[in-house]
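User: Could you take a close look at one part of this model for me? I would like to see how a pair of helices packs together, with a few residues elsewhere for context.

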Amino acid sequence: MIIAIILSFFLAIWLGTVIIPSIIRVSYKKRLFDKQDSRKKHTGLVPRLGGLAFVPVQISLFCFMAVMLEYFFPEEFRNELFKHHEALLLIFCGLILLFMIGVVDDLIGMDYKRKFIAQVFAASLLPIGGVWVNDLYGIATIVTLPASIGIPLTVFGTILIINAINLIDGLDGLCSGLVATGCITLGALFLANGAYVHALFAIVTAGILVPFFYYNVFGASKRRHRVFMGDTGSLTLGFTISFLAISFTMDNPEVKPFSEGAIVVAYSTIFIPVMDVATVMWTRFRNGKSVFTPDRNHIHHKMLRLGMSHRKAMVSILLIALFSGAMNIVLVKYISNNVVLLIDILWWILMNVAIQKAIDKRQNSLAKIRPETAR
């Protein structure tokens with residue numbers, strides 16, 4: 001069973017290596033390129049439809065492997081697949097909806113209000129399918145949550161995660177790298193807990209992101225090998241990681257055994273995007289601006305202002321994500337969830353303060369050099 005699920009990872013990689021180059025070729029033939037504006041740093045013509053590969057591979061390969069696993073492992077897999085079939089069908093509906101919204105937005109643009117309505121509808125499909133936050137595991141002394149609180153919290157959290165993933169997509173490889181590491185982490189944990197349906201979906205998602213990461217980071221624009229994921233990719237990836245994280249968070253014996261640190265471990269897989277968007281919105285509010293006003297205060301923008309290259313900034317953020325995830329998985333075994341979350345928030349604040357001081361110091365140094373150069 002485990003070997004078969006791991007095999008799905010490599011099948012997803014293979015499908016990605018077939019589909020993504022085809023998307024790039026069609027994008028160049030039809031002149032479907034990412035629009036240039038003052039907030040974007042890339043030069044040249046780059047297609048932004050790489051996300052077209054994600055949902056078709058996620059759904060088709062999951063269904064194919066599910067049938068194979070049900071055939072070869074009927075006792076282990078069939079019952080679990082039946083228990084979760086309603087949730088899976090609704091998740092696929094949500095993915096297809098966001099996929100279509102993303103395609104329209106990437107091709108001709110779409111009003112944010114319509115995108116938000118689609119996100120609300122897709123997020124509402126999670127609790128309808130029985131996936132909602134029903135336990136806070138002692139965070140703020142709260143344990144079991146009633147549906148009247150847990151369901152709205154789930155919808156809000158899903159929309160937050162979708163938009164956080166969308167906003168973190170500012171450097172080549174960053175969004176896909178963060179989601180891939182999150183999916184691999186959750187997929188491994190689901191496997192360890194015997195949640196094979198969820199593990200399969202997570203592993204397939206991680207697999208399709210590997211070839212995209214290659215073309216996004218190492219592809220050369222001049223050779224027509226480079227591609228962006230666009231909103232088609234970021235919206236569907238945000239919804240995917242939301243489903244996986246909330247499923248792991250739930251106190252549901254049909255998914256996995258009870259774990260005291262489940263909510264912290266799940267949160268660790270989306271720590272960087274969520275904390276980044278919270279920090280940015282707080283900064284905008286403190287400066288008297290609308291929290292929805294675009295700016296360049298995200299963590300990747302700060303890394304670039306430190307003088308890092310795009311690739312070094314991306315690798316640095318991925319390493320921070322891996323460090324925080326590993327740290328939390330270890331810490332929840334020994335200390336309470338509240339203390340772990342407090343540690344996370346404190347070190348995130350301290351890191352941002354240190355980065356801002358380094359940026360200010362660098363800018364002051366550059367300001368002193370410019371007058372001397374002018375003379």
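Analyst: Happy to help; what follows starts with one helix pair and then turns to some single residues. Please keep in mind that this is a predicted model.

Let's begin with the geometry. Two packed helices are described by the angle between their axes and the distance between the axes. Here the pair is helix H5, residues 112–128, and helix H9, residues 230–249, whose axes come within 11 Å and cross at roughly 25°. Because angles under 35 degrees count as roughly parallel, H5 is roughly parallel to H9. The crossing of H5 past H9 is right-handed.

Now for the side of each helix that takes part. H5 contributes Lys 115, Gln 119, Ala 122, Ala 123 and Leu 126, and these meet Asp 231, Leu 235, Phe 239, Phe 243 and Ile 246 of H9. Sorted by class, the contact of H5 with H9 holds 7 nonpolar, 1 polar and 2 charged residues.

Lys 115 deserves a closer look. This lysine sits in helix H5, and Lys 115 counts as buried because its relative accessible area is 13%, where the cut-off for buried is under 20%. If neighbours within four places in sequence are set aside, Lys 115 is in contact with Ile 101, Asp 105, Met 110 and Asp 231. Asp 231 is also among the H9 residues listed for the helix pair.

For a comparable view of another helix, consider Ile 355, which lies in helix H14, residues 337–374. Ile 355 is buried, with a relative accessible area of 9%. Again leaving out neighbours within four places in sequence, Ile 355 touches Ile 299, Lys 302, Met 303 and Leu 306. Val 315 is 40 residues from Ile 355 along the chain, and the C-alpha atoms of the two are 16 Å apart.

Finally, the cysteines. A disulfide is a covalent bond between the sulfur atoms of two cysteines. With a cut-off of 2.5 Å between the sulfur atoms, the count comes to 0 disulfides. For Cys 63, the closest cysteine sulfur belongs to Cys 93 and is 11 Å away, so the two are too far apart for a bond. Cys 63 has a relative accessibility of 37% and therefore counts as partly exposed. Cys 175 is in no disulfide either, as the nearest cysteine sulfur, that of Cys 183, is 10 Å away. Cys 175 has a relative accessibility of 1%, so this cysteine counts as buried.

Key: Residues numbered from 1 in each chain as written. Predicted model: local features only at pLDDT ≥ 70, side-chain atom pairs only at ≥ 80, totals over all residues. Heavy atoms only, no water. Axes fitted to C-alpha atoms, helices over the stretch in contact; angles between N-to-C directions. Helix = DSSP H or I, 4+ residues; strand = E, 2+ residues; numbered from the N terminus. Parallel < 35°, antiparallel > 145°, perpendicular 65-115°, else oblique. Left-handed = near helix turned anticlockwise from the far one by under 90°. Contact = heavy atoms within 4.5 Å. Nonpolar A, V, L, I, M, F, W, Y, C, P; charged D, E, K, R; others polar. Buried < 20%, exposed > 50% of the residue type's maximum accessible area, 1.4 Å probe, protein only.
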